[in-house]
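Visitor: Hi, have you got a few minutes to walk me through this one? I'd like to start with the side chains and work outwards.

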Amino acid sequence: MADSRIRKYRKMLATAPNYEVWKAAALELDYLEGNVEWKEDFASDLYHYELIYDRLSNLRQYHQQSDFERLRRALREGLHHDLGNMGNAALYSRSRVGTKHLIEEYINQVCESLNFLCDKPIPEFSLEDKLQFFRDTFTSFGRPTLLLSGGATLGMFHFGVIKALWEKGLLPQVVAGSSVGAIIAGILGVHTDDEIPDMLVPENHHLQAWKWKGLLSAFRGDGLMDQQQLKDCLRANMGEYTFEEAFQKTGRSINISVSPVQTNQKARLLCGYTSPYLLIWSAALASAAVPGVYPPVTLMKKDLYGSVLPYMSRQKFVDGSVVSDLPIERLMHLYDVNFTIVSQTNPHVVPFLNRRGVDEKLSLGQLPWHFLKSEVQFHGQGVFDYLRKRVKPELLRQLSGHMHTIMAQRYFGDVTIAPQYSLRHYRHMLANPDPKTVRQMILEGERATWPKISMIRSHARISMTLERCVARLRDQQKRSQRELRLVNNAQTGGT
């Protein structure tokens, strides 16, 4: 009887149309498979549960007693990302929904205490002091980021990941993309949170990005596909926003990877910090310029008067995923990133990913496959490194350099979300998707994200609470400054 119920709920997981149905089935499976008791038992060698328990007890006591000073000090000095290894991936592989209740209670208490300090008027804790406290704590704690990989039309999967995270309030404010991931990031970057439901409707987008030009065009260096067609598609979906203008509209930091064509140049991460006046569609066009498929791109910017003109006119850029599919280190420097969520759709990467995302012990049957993958990667890097430094034909040298960087890159994050590919997916990889196909890819992205929600929430919820507290306090400060100006103007006018 239990086995038949387990099969029933596993089938529900695989076919769930939304998160609520998926979660209901997952909770039933947790009960049937004995995971409820595991979650209730605090003790485990997977994390420092005594440390978490002590921190929880102190915060709860200070909060209940409205001991503002001790609560503030406890949060400021003791709030660290992944405290006591509570983000250990193994803690999220046993149960489908949630993890140890102690961890969940601790995170809930931290967020309640932060909101309490933020919103409660405290005479000895001025608005300026509060804002400084939350800014410092946020910088110290860090924030999550979402990275969207390349993958041609298969990148429609990213929309499903975005939808699942947005619906649970877990969509990071920092988003990076390369190739098709740059296109999806660019579209997201010009839509506010209120506009995201409309953004997720396929009929609202220009979906005709591909137009075949032929082999002769490729041999001339103009690419297999019509770049003007792609440019029209991007401008229709993103508008004429610069990185700076998009951030001012949405508050979301969009980052796009591009790779240089010329030697003596390094891959660049284009964003509001590094290139505020650059047009987002131009950056996405360059990041999607797969060598051989599209020609290199000259980036475009707006000048002081809003006119469009070339940015670094002597430089051309191509597909960002060639050199920097996931620019994790650069994001850490720019945004204090402490946790990475990767939506990975590259067809040459997905088959080699560890599906569960946990460092597991390999069975004897898995050893040959694991050994083969490691050997191919190790020797492949060596061969292409040798060729890129020593071969004479420039075309072969550049191709070897691209292959070396592809094999040397890291293609996963702290949480990696990826599709399950079949032959159907590969057939549509270089085709214009219809709305039905986009909706199917969105659903696949959602279903792949739902099992990761608990781990993402544990890592990201505190940082997002800090971020929202900073935003509320900034708004309060602006209101106070406006009110003060009105009072001063009234007094000046009255005299």
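Visitor: What lies over the face of Phe125?

Guide: That's Arg72, at 5.9 Å from the ring centre of Phe125. Keep in mind that this is a predicted model.

Visitor: And which ring does the charged end of Lys100 sit over?

Guide: The ring of Trp38, with the charged end 4.2 Å from its centre.

Visitor: Let's move to ring against ring. How many aromatic pairs does a search of the whole structure find?

Guide: The search comes up with 10 aromatic pairs. One of them is Phe68 with Phe116, where the ring centres are 5.6 Å apart and the planes are at 25 degrees, so the pair counts as stacked.

Visitor: Where in the chain do Phe68 and Phe116 come from?

Guide: Phe68 is in helix H5, residues 68-78, and Phe116 is in helix H6, residues 101-119. With their positions 48 residues apart, the pair links distant parts of the chain.

Visitor: Is Phe68 buried or exposed?

Guide: Phe68 is buried, at 17% relative accessibility. Its partner Phe116 is buried too, with a relative accessible area of 18%.

Visitor: Got another pair for me? What about Trp210 and Tyr294?

Guide: Those two are also stacked, at 6.1 Å centre to centre and 20 degrees between the planes. Trp210 lies in the loop between helix H10 (196-199) and helix H11 (215-219), while Tyr294 lies in the loop between helix H14 (280-287) and strand S5 (300-302). The two positions are 84 residues apart in sequence, so the pair ties together separate parts of the chain.

Visitor: How accessible is each of them? Start with Trp210.

Guide: Trp210 has a relative accessible area of 18%, which makes it buried. Tyr294 is buried as well, at 4%.

Visitor: Which residues form an aromatic cluster with Tyr19?

Guide: Trp22 and Trp450 join Tyr19 in one cluster.

Visitor: You mentioned helix H14. What does Ser282 touch there?

Guide: Ser282 is found in H14. Leaving out residues up to four places away in sequence, Ser282 touches Val297, Thr298, Leu299 and Met300. Ser282 is buried, with a relative accessible area of just 1%.

Visitor: Now for helix packing. At what angle do H9 and H12 pack?

Guide: Helix H9 (residues 180-189) and helix H12 (residues 227-238) pack at about 30 degrees, and their axes are 9 Å apart. Angles under 35 degrees count as roughly parallel, and H9 and H12 are therefore roughly parallel to each other.

Visitor: Which residues meet between H9 and H12?

Guide: From H9 you have Ala182, Ile183, Gly186 and Ile187, and from H12 Leu230, Leu234, Asn237 and Met238. By class, that contact has 6 nonpolar, 2 polar and no charged residues.

Visitor: Why might residues three or four places apart in a helix point the same way?

Guide: An α-helix has 3.6 residues a turn, so residues with that spacing point the same way.

Visitor: How about H6 and H7, are they roughly parallel or antiparallel?

Guide: H6 and helix H7 (residues 127-141) pack at about 155 degrees, with their axes 10 Å apart. That makes H6 roughly antiparallel to H7.

Visitor: And what classes of residue make up the contact of H6 with H7?

Guide: There are 5 nonpolar and 2 charged residues, with no polar ones. Leu114, Leu117, Cys118 and Asp119 in H6 meet Lys130, Phe133 and Phe134 in H7.

Visitor: Switching again: how many residues of H8 are buried?

Guide: In helix H8, residues 157-167, 8 of the 11 residues are buried, so to speak mostly covered. Among them are Phe157, His158 and Phe159. After H8 comes Gly169, with a positive phi near 70 degrees.

Visitor: Where is Asp54 found?

Guide: Asp54 is in helix H4, residues 49-64. Asp54 counts as partly exposed, at 45% relative accessibility. Asp54 and Tyr106 are 52 residues apart in sequence, and 9.8 Å apart in space from C-alpha to C-alpha.

Visitor: Last one, zooming out: what does the secondary structure of the protein chain come to?

Guide: The chain has 21 helices and 9 strands. Of its 495 residues, 48% count as buried. Among contacts with a separation of 6 or more, 76% are between residues 24 or more positions apart.

Terms used
Residues numbered from 1 in each chain as written. Predicted model: local features only at pLDDT ≥ 70, side-chain atom pairs only at ≥ 80, totals over all residues. Heavy atoms only, no water. Phe/Tyr/Trp six-rings, centres within 6.5 Å; stacked < 30°, edge-to-face > 60°. Helix = DSSP H or I, 4+ residues; strand = E, 2+ residues; numbered from the N terminus. Buried < 20%, exposed > 50% of the residue type's maximum accessible area, 1.4 Å probe, protein only. Lys NZ or Arg CZ within 6 Å of the ring centre and 35° of its normal. Axes fitted to C-alpha atoms, helices over the stretch in contact; angles between N-to-C directions. Parallel < 35°, antiparallel > 145°, perpendicular 65-115°, else oblique. Contact = heavy atoms within 4.5 Å. Nonpolar A, V, L, I, M, F, W, Y, C, P; charged D, E, K, R; others polar.
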